[in-house]
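User: Hi! Could you walk me through this one?
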Protein chains: 2
Amino acid sequence: MSRTTDFDKEETITKAMNIFWTKGYEGTTMRDLQTATGLQKGSLYNTFKSKENLFLLCLEKYGANSATLFYVDGDPKNYIKKFFKRLVDEGVKEENVSGCLIMNSCIEFSNTKSAPAKKSKDLFATVEKNFENVVNAIKNKTTHDTHELKTNLITAAFSIREISKFKKDKKFLKQIANNVLKELDIAI
Amino acid sequence: MSRTTDFDKEETITKAMNIFWTKGYEGTTMRDLQTATGLQKGSLYNTFKSKENLFLLCLEKYGANSATLFYVDGDPKNYIKKFFKRLVDEGVKEENVSGCLIMNSCIEFSNTKSAPAKKSKDLFATVEKNFENVVNAIKNKTTHDTHELKTNLITAAFSIREISKFKKDKKFLKQIANNVLKELDIAI
DNA sequence: CCCTTTCTTGACCGTAGAGTCAAATAAAAA
DNA sequence: TTTTTATTTGACTCTACGGTCAAGAAAGGG
């Protein structure tokens, strides 16, 4: 009945997501998106309406993927340990300057009331909730208040992600992690 | 012998600094700078050479001012307490979305090798050193390692400054502060 | 195989960015 | 007051941005 799209929409969103993740929203040009996706301007606009709308879809995809990473299979404390170890190990890599797309976007859009500002803040709240769920899964908890621990965990994650973008200092980043992990009597 | 400048250079840098602080480097246009300083483009370029060079002068001024804030007059522990109380109180204000110019710039320029990237990282290191000096001024120290405590303090400051740009949650921000202050047996 | 409908292409548009420059202006020395 | 020299002005350039659109291409139902 009519011509169909030549490309996979989800795949294209993933490719765009990776560019936005690395370069930020303003730092990414339509030309960057064309190059990354292999599509022409018209196709991108025809399918995704606008740069901002495409970005919102990328945020959504990033959030959905992030959520799956919070599925705890096994000991929650060990999960948290591995989670932070990965953050530090990825963070110190010289080529890694991306941080976390959700946190990056919260910062980038902080002085706007735009749709991306709202969506990134919502996703940040979801990540908070995910941390809380992990904390709740810990058995034999000591006296630690769940909310406090959750706050400390997401703050440490935020700090490692953002500081590692410009400070490739493993000792420093490990210290951030261990400062919160000591509340769980663990260390990396 | 020749015409002199009609304006105060340092005053102009301060005005420019406040714009960069609020809007970021990329987010600030030459038009913003003209409006804020009351000068025309040509004068700005004639005096400061380029947007980037003006920004470097702004970073320097911000750093110099920041350094004066680390002069501890009295009990260092009380100084730290007031320091973090101010960070939280300023952070929750709805109109405050500025954070810290040094930390903002470290993030904004993290994926470049530009002069502002270098200068902001240098200033971050200076702030670290300033925190270390305050820690060293604490008498009757418990077993806390100086470097660890310094790292925890600057990380908490970073987190409060950046997270408060998009999350106006006093309980959350206070928790970040108190989590590090408890190492000094104090709280806000 | 044709027709309808949608997708694809890339030239094009308007706007806004940083930076330039020649002419006008004014401070201060002589 | 004149001369010298630097500053001030704003119109200008060039480039890059996000976004549009008319024409051509192709998928798939009939």
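Analyst: Happy to. One term to begin with: two residues are in contact if their C-beta atoms, placed from the backbone, lie within 7 Å. This is a predicted model, where local features need pLDDT of at least 70 and side-chain atom pairs count only at pLDDT 80 or more, while totals for chains, interfaces and linings use all residues. Residues are numbered from 1 along each chain as its sequence is written, and chains are lettered from A and ligands numbered from 1 in the order in which they are written.

User: Thanks! How many residues of chain A are in contact with chain B?
Analyst: 22 residues of chain A are in contact with 21 residues of chain B. On the chain A side, α6 (101-108), α8 (146-163) and α9 (170-181) are the elements giving two or more residues; helices here are DSSP runs of H or I with at least four residues, and strands are E runs of at least two, numbered from the N terminus.

User: Which of those gives the most?
Analyst: α8(A), with eight residues. By type, the chain A side divides into eight nonpolar, nine polar and five charged. Ala, Val, Leu, Ile, Met, Phe, Trp, Tyr, Cys and Pro count as nonpolar, Asp, Glu, Lys and Arg as charged, and the others, Gly among them, as polar.

User: Switching to the DNA: which residues are closest to strand C?
Analyst: A:S2, A:R3, A:D6, A:G42 and B:G42 are the closest of the 26 residues that surround DNA strand C. Near means that the C-beta atom, placed from the backbone, lies within 6 Å of the strand. α3(A) gives the most to that surface, four residues.

User: And which residues are closest to strand D?
Analyst: For DNA strand D, the closest are A:G42, A:K51, B:S2, B:D6 and B:G42, out of 26 that surround it. There, the largest share, four residues, comes from α3(B). The surface near strand D has six nonpolar, 12 polar and eight charged residues.

User: Back to chain A. Which residues of α1 are buried?
Analyst: A:T12, A:I13, A:A16, A:M17 and A:F20 are the buried ones in α1(A). Buried means 20 or more other C-beta atoms within 10 Å of the residue's own, exposed means 12 or fewer, and partly exposed is in between, with C-beta atoms placed from the backbone.

User: Why do they line one face?
Analyst: Seen down the axis of α1(A), the buried residues fall within an arc of 140°, so they line one face of the helix. The arc is that of the directions from the helix axis to the C-beta atoms. Their cover includes α2 (30-37), α4 (51-68) and α6 of chain A.

User: What comes just after α1?
Analyst: A:G24, with a positive phi of about 80°.
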